[in-house]
Amino acid sequence: MTTPVDNAAPNATATPSSFPIPANVFALTVQDVKHYTDRLFRFRLNRPDSFRFRSGEFVMIGLPNAEKPVFRAYSIASPFWSEQLEFFSIKVPNGPLTEHLQKIKVGDTVLMRKKATGTLVLDALLPGKRLYLFSTGTGVAPFASLVRDPETYEKFEEVILIQTTRLVAELDYARELVAELKNDPLIGEFSDQLKFYPMTTREQSEHMGRITDTMRSGEFFKRTGLKKLDPETDRAMICGSMAMLKDCAAMCRDFGLVEGANNAPATYVVERAFVD
Ligand code: A2P
């Protein structure tokens, strides 16, 4: 006898009824998909009423296309108050999850483990005046959540979102988000507190180069009029590739910042942009 499991094509996003959904997993419906480049896309899922998270945290995402689905960590890009859950993803050629995930359409089912966690949360930082958010490509996702959370602006006078990508089009997701923020009824009033500093390394744009180089040389501070990072007033969060995390964290330490965690808040925190 042929079961629904046997019928499921390996790369299909099957309905949740094809496989049993474990008790620690939500089966959510895709409500929106937008492709930015051939490497980047965003998707939004319905948010279950019982799901709680802190802005900046991540969850495990999978597809109901196998009895033991592949799960990968994804930062939630939407803020805690949003009715939808937004994710910003890379498309990895032959990636066990993203190869299939990049094909999802409105109405498809995506699996999400129920527990959210992570260190890029306001609780992991000591109070300060200025919050620096350092990111590359999809590393901007947790910050997309934090810059849409009113608490971020209640805790910090100034929020500086820095994203470095190879190409100009890879900045579109964050550019769009920052532009929309101004008209948002809940957080529009805080938009003057947010500064966006987009950079590219392999295509011409207004700000070229790696953030570590422009900060260490002082060029960043000259261009923005901001003072050098100061552990008395400045806090930082970092999200990117392993190499970028290592170099940005070393730079923060050289400016006198100290790494913090949920149970030991300090002056900077790091998290890997997971899917690569
Ligand atoms: P570069 O083009 O000089 O490698 P990736 O797509 O490899 O994750 O990189 C995203 C962006 O982050 C690129 O602009 C890249 O610059 C930059 N980047 C990569 N590694 C580092 C690093 N160790 N420190 C700072 N920026 C980095």
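Student: What makes Lys195 and Glu158 a salt bridge?

Tutor: In this predicted model, the side chains of Lys195 and Glu158 sit at 3.7 Å, N to O. The cut-off is a Lys or Arg side-chain nitrogen within 4 Å of a carboxyl oxygen of Asp or Glu, so the pair qualifies.

Student: And which parts of the chain does that pair tie together?

Tutor: Lys195 belongs to strand 9 (residues 194–200) and Glu158 to strand 8, so the contact ties together parts that are 37 residues apart in sequence.

Student: Why is Lys195 called partly exposed?

Tutor: Its relative accessibility is 36%. Buried needs under 20% and exposed needs over 50%, so Lys195 falls in between.

Student: How many salt bridges does that rule give for the model?

Tutor: The count comes to 14. One of them joins Arg42 and Glu176, at 3.8 Å from N to O. That one links distant parts of the chain: Arg42 is in strand 2 (residues 40–46), Glu176 is in helix 5, and 134 residues separate them.

Student: Is Arg42 buried or exposed, and how do you know?

Tutor: Arg42 has a relative accessible area of 8%. That is under 20%, so Arg42 is buried. Its partner Glu176 comes out at 22%, which is not under 20%, so Glu176 counts as partly exposed.

Student: Which residues are joined with Arg42 and Glu176 into one network?

Tutor: Asp32 and Lys34. Salt bridges that share partners connect these four residues.

Student: What about Glu151 and Lys155, what makes them a pair?

Tutor: Their side chains meet at 3.1 Å, N to O, and the limit is within 4 Å, so this is a salt bridge too. Both residues lie in helix 4 (residues 150–155), four residues apart, or about one turn of the helix. Glu151 has a relative accessible area of 33%, and Lys155 has 38%. Each value sits between the 20% and 50% marks, so both are partly exposed.

Student: OK, on to nonpolar residues. Which of them touch the most other members of the largest nonpolar core?

Tutor: That core has 35 residues, and the ones touching the most other members are Leu133, Phe143, Val147, Tyr173, Leu194 and Met237. At least two residues each come from strand 5, strand 7 (130–136), helix 3 (141–146), strand 8 (158–165), helix 5 (172–181) and strand 10 (234–240). Helix 5 gives the most, with five residues.

Student: How do you know where this core lies relative to domain 1 and domain 2?

Tutor: Domain 1 (16–113) and domain 2 (122–270) both give residues to the core, so it lies between them. As a general backdrop, nonpolar side chains in soluble globular proteins tend to be buried together.

Student: Which residues form a nonpolar patch on the surface, then?

Tutor: Phe80, Trp81 and Leu186, with about 260 Å² of accessible area together. Take Phe80, placed in the loop between strand 4 (72–75) and strand 5 (84–90). Its relative accessibility is 37%. Patch members need over 30%, so Phe80 clears that bar, while it still counts as partly exposed.

Student: What makes the phi of Asn94 worth a look?

Tutor: Phi of Asn94 is near 65°, a positive value in a residue other than glycine. Most residues other than glycine have a negative phi. Asn94 lies in the loop between strand 5 and helix 2 (98–101). At 67% relative accessibility, Asn94 is over the 50% mark, so it counts as exposed.

Student: Why is Phe255 called buried?

Tutor: Phe255 has a relative accessible area of 16%, under the 20% limit, so the label is buried. Phe255 is in the loop between helix 8 (242–254) and strand 11 (268–272).

Student: And what makes Ser50 exposed?

Tutor: Ser50 reaches 56% relative accessible area, over 50%, so exposed is the right word. Ser50 is found in the loop between strand 2 and strand 3 (58–62). The C-alpha atoms of Ser50 and Lys114 are separated by 9.2 Å, with the two positions 64 residues apart along the chain.

Student: What does the UniProt record say about residues 23–123?

Tutor: The unreviewed UniProt entry annotates them as "domain: FAD-binding FR-type". Over that stretch the chain is 4% helix and 39% strand, and the end C-alpha atoms are 29 Å apart.

Key. Residues are numbered from 1 along each chain as its sequence is written. This is a predicted model: local features need pLDDT of at least 70, side-chain atom pairs count only at pLDDT 80 or more; totals for chains, interfaces and linings use all residues. Side-chain values use heavy atoms; hydrogens and water are left out. UniProt positions are given in the numbering used here, feature names are shortened, and annotations may be inferred rather than shown by experiment. Patches are made of residues with over 30% relative accessible area and no salt bridge: like charges are joined within 9 Å, nonpolar side chains (Val, Leu, Ile, Met, Phe, Trp, Tyr) within 5 Å. Accessible areas come from the Shrake-Rupley method with a 1.4 Å probe; for residues, only the protein chains shown count as cover. Buried means under 20% relative accessible area, exposed over 50%, partly exposed in between (1.4 Å probe, protein chains only). A nonpolar core is a set of buried Ala, Val, Leu, Ile, Met, Phe, Trp, Tyr and Cys residues joined through side-chain atoms within 4.5 Å. Domain bounds come from an automatic or database domain assignment.
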